[in-house]
Amino acid sequence: MYLGPAFLFAAFASVFYVPGFLDTPLGALTPRQFISQLLFAAFALVALAALARSIELDPVWPWRPGFRRIVNSLLSRIR
């Protein structure tokens with residue numbers, strides 16, 4: 001449920017990435033580069049938060065009980 005938005009926001013963040021941002025002094029950035037980098041940081045933080053929420057709640061991760069239940073039911077059908 002939260003894994004999709006994590007990938008979506010990561011894709012949005014990649015659109016606003018400014019190459020060499022960490023090597024450029026803040027005073028040398030153009031306003032467009034600065035706004036792009038702010039948007040990159042915001043979308044990246046939302047993507048990380050959605051990924052953390054996905055790891056906590058979604059049953060697609062191997063250590064979640066829901067994942068084990070689904071795999072066990074699939075394996076029992078094969079037998």
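Start by selecting Leu26, Phe34, Ile35, Leu38 and Leu39, which make a nonpolar surface patch of about 470 Å². A patch here is built from residues with over 30% relative accessible area and no salt bridge, with nonpolar side chains (Val, Leu, Ile, Met, Phe, Trp, Tyr) joined within 5 Å and like charges within 9 Å. The areas come from the Shrake-Rupley method with a 1.4 Å probe, and for residues only the protein chains shown count as cover.

This is a predicted model in which local features need pLDDT of at least 70 and side-chain atom pairs count only at pLDDT 80 or more, while totals for chains, interfaces and linings use all residues. Residues are numbered from 1 along each chain as its sequence is written, and side-chain values use heavy atoms, with hydrogens and water left out.

Now colour the chain by pLDDT, the predictor's confidence in each residue, from 0 to 100. The protein chain averages 87, and 99% of the residues score at least 70. Confidence is highest in α2, at a mean of 91, and lowest in α3, at 83.

Within the patch, pick Phe34, which is found in helix α2. Helices are DSSP runs (H or I, at least four residues), as strands are (E, at least two), and they are numbered from the N terminus. Phe34 has 38% relative accessibility and counts as partly exposed. The classes are buried (under 20% relative accessible area), exposed (over 50%) and partly exposed in between, with a 1.4 Å probe and protein chains only.

Select the whole of α2 next. The helix has 27 residues and reaches 39 Å from its first C-alpha to its last, close to the 39 Å expected at 1.5 Å a residue. The expected span is 1.5 Å times one less than the number of residues.

Which residues of α2 are buried? They are Ser36, Gln37, Ala47, Ala50 and Ser54. What covers them includes α1 (3–15).

Take two of these residues in turn. Ser36 in helix α2 has 19% relative accessibility and counts as buried. Leaving aside neighbours within four places in sequence, Ser36 is in contact (heavy atoms within 4.5 Å) with Phe16 and Val18. Further along α2, Ser54 is buried at 0% relative accessibility. Not counting residues up to four places away in sequence, Ser54 touches Tyr2, Leu3 and Trp61.

Now show the side chains of Arg53 and Glu56. They form a salt bridge, with the closest N and O atoms 3.6 Å apart. The term means a side-chain nitrogen of Lys or Arg within 4 Å of a carboxyl oxygen of Asp or Glu. The structure holds 1 salt bridge. Why are Glu56 and Arg53 separated by about one helical turn? The reason is that they are 3 residues apart in helix α2 (residues 31–57). Glu56 is partly exposed at 45%, and Arg53 is partly exposed at 37% relative accessibility.

From Glu56, move to Arg64, found in the loop between α2 and α3 (65–78). Arg64 is partly exposed, at 25% relative accessibility. Apart from residues up to four places away in sequence, Arg64 touches Ile55, Glu56, Leu57, Asp58 and Pro59.

End at Arg77 in helix α3. Arg77 is exposed, with a relative accessible area of 68%. Draw a distance from its C-alpha atom to that of Ala52: the two residues are 25 residues apart along the chain, and these atoms are separated by 32 Å.
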